[in-house]
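User: Got a protein with a ligand here, and I'd like to talk through how the two fit together. Mind taking a few questions?

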Amino acid sequence: MIKDNLQSVSKRIADACLRSKRDAQKIVLVCVTKGQTITKIQEVVDLGLKYFAENKVQEALLKYQKFPQSIWQMVGHLQTNKVKAAVEIFDLIHSVDSLELAKEINKQAAKINKIQNVLLEVKTSWEATKFGFNVQDLIKALLEIKALSNLCVQGLMTIAPAVSRAEDSRFYFKQLRLLRDEINPAWLLSMGMSDDFEVAIEEGADMIRLGRVIFDD
Ligand SMILES: *Cc1c(COP(=O)(O)O)cnc(C)c1O
């Protein structure tokens, strides 16, 4: 049951915060709804969650129309031809993975007079995803990205590789935190999914993105 899942997730977040002396109230739980039905999402909305995310614009458009009061975010790779639709609905785009994409988001956001909140996706491993900046490219692109006046860069995001023990993800989360500390200590970190969110919190995650652990029976 979703209700029980959420209760158990809250407890696990609280425990991870205790271990790392962090404030559980400040951890943002983003519910990833990809592949989930409207009925199931309704349950989560009714249980009080505010933040939802999709990895495809098309799916997000439908769900945004059903739940316009919820805050919708993008966590998947964004193609340039979908940016116009994306800036219309997303409060935050976690997955800015190239300078070209940053420029296109800036351009489309400017057209509708919006300052688009974004995170820059960093590739902390080779296996996890083909998308994301490698660290050198990010450092190089940073000045240009910061100059884009319709973007508000709020932090960094990463996807850790699938590992058999959550503990093995710690290294990747730590990499992201150290990079953040170097670039801008005020930036937020979006890291941690169903299999590794507790370790992510211990390493400084501000936002965790959870799907299966909320929806699975
Ligand atoms: C699907 C997805 C999630 C959630 O993954 P779970 O393992 O179901 O918790 C988080 N982040 C991204 C980018 C995703 O695509």
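User: Which pocket does the ligand sit in?

Analyst: Keep in mind that this is a predicted model. A molecule counts as sitting in a pocket if more than half of its atoms lie within 2 Å of the pocket's grid points. By that test, the ligand's home is the largest pocket.

User: What classes of residue make up the shell around the ligand?

Analyst: Going around the ligand, you meet V32, K34, V75, I159, M193, S194, R209, L210, G211 and R212. Sorted by class, that shell comes out as 5 nonpolar, 2 polar and 3 charged residues.

User: How much of the ligand's 390 Å² does the protein bury?

Analyst: Let's start with the polar contacts. The side chain of S194 has an N or O atom 2.5 Å from a ligand oxygen, and a polar side-chain atom of R212 is 2.7 Å from an oxygen of the ligand. R209 puts a side-chain N or O atom 2.9 Å from a ligand nitrogen. Of the 390 Å² that the ligand exposes when taken alone, the protein buries 91%.

User: And the fold, what is the radius of gyration of the protein?

Analyst: The protein has 9 helices and 8 strands. For 217 residues the globule rule gives 17 Å, and the protein comes close to that, so it's as compact as a globular protein of that length, with a radius of gyration of 17 Å.

Note on methods:
Residues are numbered from 1 along each chain as its sequence is written. This is a predicted model: local features need pLDDT of at least 70, side-chain atom pairs count only at pLDDT 80 or more; totals for chains, interfaces and linings use all residues. Side-chain values use heavy atoms; hydrogens and water are left out. A residue is near a molecule or strand if one of its heavy atoms lies within 4 Å of it. A polar contact is a pair of N or O atoms within 3.5 Å; within protein, one must be able to donate a hydrogen and the other to accept it, and residues adjacent in sequence count only if both atoms are side-chain atoms. Accessible areas come from the Shrake-Rupley method with a 1.4 Å probe; for residues, only the protein chains shown count as cover. On a 1 Å grid over the protein atoms alone, a cavity is a set of points where a 1.4 Å probe fits but cannot get out, and a pocket is an open set with protein on both sides within 12 Å along at least five of seven lines; lining residues have an atom within 4 Å of a point. Ala, Val, Leu, Ile, Met, Phe, Trp, Tyr, Cys and Pro count as nonpolar, Asp, Glu, Lys and Arg as charged, and the others, Gly among them, as polar. Helices (H or I, at least four residues) and strands (E, at least two) are DSSP runs, numbered from the N terminus. The radius of gyration is taken over C-alpha atoms; the globule rule is 2.2 Å times the number of residues to the power 0.38.
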